[in-house]
Amino acid sequence: MDTTPDYSAYSYQELCDARATIDESLYPERAQQLDELIASHAEHVSDEAQAETEGTFLRKSAVNFHGTGKEFFSIWIVNLLLTIVTLGIYSAWAKVRTNRYLYGNLEIDGHRFAYLAEPLQILKGRIISAILLVGYILAVSTSPIVGLVMMLVVAVLSPWLICKGLQFAMKMTSYRNVRFGFTGRYGEAFLVFLLFPFLTIFTLYLAMPWALKKMDEFILNNTTYGDKAFSAELSGGTYFIAGLAAGVVSFVTFLIGIGLVGATAVFSGSETANDPTGSVSIMLGTFILYFFVFTLASAIYSGMIRNHMYENTRLANVATFESDVTVGSFILLKLTNMLALIFSLGLALPWVKTRTLSYLAAHTQVNILDGIDTVVASKEQTGTATAEEVASAFDLDVSLG
């Protein structure tokens, strides 16, 4: 009579418990049967867990930016004039008006973003940051020792300022009436923004792409949307390739540009000696070359990294992302933007801004998952506008890519 138990109705945990009590040397057939059932159940459990995390695909949504250069110019020029007339006080209102226009014209899946900060929040932060910045400048100029101490203090505080600034920026951004958030903490921020970049010095900055990858991962993996968290698994190899491509192309371009400037100087050498405008032309050419090379490098690196980040970032059970920016089109966009700013003496800035956002939106797709309607607003965090403005004042702004 077969006394082998019927394991087919056992749960996964019961199968594991039964397998732990079986002596394989005495009951090899039972052990084999349990191993097969456990393997089958494990695969099923894994698929369920993956489905719970990844969600079921519902639809693909394009990203649309509805703003125009003409509309934004009217906002921008009024902001600029009022900021000048009020000696900078109106800049807080200018920032809120600008962000509300840009955020409010960004649409995904039929819903638009919103910027929720109030001007007085920004103004208080800017007043405090201005006082701190003036105190820092005075300290540095009056005493080298005090200046060094102040620099160390700012360095130590910078990760905290960055985290608080990101908390505020995220908290003031909403989509479908749900706010974003940021959960990054000082300890990890200290490693990512201070220690890792410092250690790249000992590798002659060859490890900088890896440090930049850690910064992007820190920001992405600590960003939330309601009660859902973003997650990203980025590749250091992609960052190295992007950095190498940007570096090589920029270096070759710079050498060619310097050669052309030098050839121009030699060719017009006799006139330059008696005409100061010749030297000015050479200096201007070098200046333009610098911005051209910087724009070229930025376009190559940003385009490659943006695609990589979007393709490897997901919002748990809510959305996945795609980006198909091409390096060639992005370079053309950046270079024409630079030329427009130069020849318009900066007046083309609104057109450049809206044009860039329209381009990026057109090259972005969002895959909506079935968990989009289950997002619940989370408890608001304690980030402040003061930290964000202080971080900006001390040149501590951070961005992805």
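Let me begin at a single side chain: at 60% relative accessibility, Asp373 counts as exposed. Please keep in mind throughout that what we are looking at is a predicted model, and that every value I quote has been computed from it.

Asp373 has a charged partner, because it forms a salt bridge with Arg176 in which the closest N and O atoms are 2.7 Å apart, inside the 4 Å cut-off. The two residues come from distant parts of the chain, 197 residues apart, with Asp373 in the loop between β10 (364–369) and α14 (385–393) and Arg176 in the loop between β4 (173–175) and β5 (178–182). The burial of the two ends can be stated separately: Asp373 is exposed, whereas Arg176, with a relative accessible area of 24%, is partly exposed.

While we are in that loop between β4 and β5, let me point to Asn177, which has its place there as well. Its phi is positive, about 65 degrees, although Asn177 is not a glycine. Is Asn177 buried or exposed? At 79% relative accessibility, Asn177 counts as exposed. A second residue of this kind is Asp109, where phi is near 55 degrees, again a positive value in a residue other than glycine; Asp109 lies in the loop between β2 (106–108) and β3.

Let me now step back to the whole chain before returning to charged pairs. The protein chain has 14 helices and ten strands, and of its 401 residues 40% count as buried. It exposes about 22400 Å², of which carbon and sulfur atoms supply 67%. If we take the contacts between residues at least 6 apart in sequence, 73% of them join residues at least 24 apart.

Returning to the charges, how many salt bridges does the structure hold? It holds seven, and as general background, side chains of opposite charge can pair when their charged atoms come close. Besides the pair I began with, there is one between the side chains of Glu118 and Arg100, at 3.4 Å from N to O. That pair, too, links distant parts of the chain, with Glu118 in the loop between β3 (111–115) and α5 (119–142) and Arg100 in helix α4 (residues 91–104), 18 residues apart. Glu118 is partly exposed, with a relative accessible area of 42%, and Arg100, at 38%, also counts as partly exposed.

The pair of Glu217 and Lys213 has another setting, since both residues lie in helix α8 (residues 208–221), four residues apart, which is about one turn of the helix. Their closest N and O atoms are 3.2 Å apart. Glu217 has a relative accessible area of 12% and Lys213 one of 8%, and because buried means under 20%, both count as buried. The pair also belongs to a network of salt bridges that links Lys213, Lys214 and Glu217.

From buried charges I turn to the nonpolar interior. The largest nonpolar core has 35 residues, and those with the most contacts inside it are Phe180, Phe182, Phe193, Phe218, Tyr225 and Val366. There is also a second, separate core of 21 residues, which includes Leu296, Tyr301, Ile305 and Leu360. For Val366, leaving aside neighbours within four places in sequence, the contacts include Arg59, Lys60, Ile108, Ala319 and Phe321.

Leu296 and Tyr301 come up again when we look at Ala246, which has its place in helix α9 (residues 236–267) and, at 7% relative accessibility, counts as buried. The C-alpha atoms of Ala246 and Leu296 are separated by 7.5 Å, although these residues are 50 apart along the chain. Not counting residues up to four places away in sequence, Ala246 touches Ala297, Ile300 and Tyr301.

Finally, a consistency check on helix α6, which runs over residues 144–171. At 1.5 Å a residue, its 28 residues should span 40 Å, and its end C-alpha atoms are 39 Å apart, which agrees. The helix nevertheless carries a kink of about 40 degrees at Leu157, shortly before the proline Pro159, and I would ask you to keep both statements in view when you look at α6 in the model.

Technical notes. Residues numbered from 1 in each chain as written. Predicted model: local features only at pLDDT ≥ 70, side-chain atom pairs only at ≥ 80, totals over all residues. Heavy atoms only, no water. Expected span 1.5 Å × (residues − 1). Bend = angle between axes of the 7 residues up to and from the residue. Buried < 20%, exposed > 50% of the residue type's maximum accessible area, 1.4 Å probe, protein only. Contact = heavy atoms within 4.5 Å. Areas by Shrake-Rupley, 256 points an atom, 1.4 Å probe, with all protein chains shown as cover. Core = buried A, V, L, I, M, F, W, Y, C linked by side-chain atoms within 4.5 Å.
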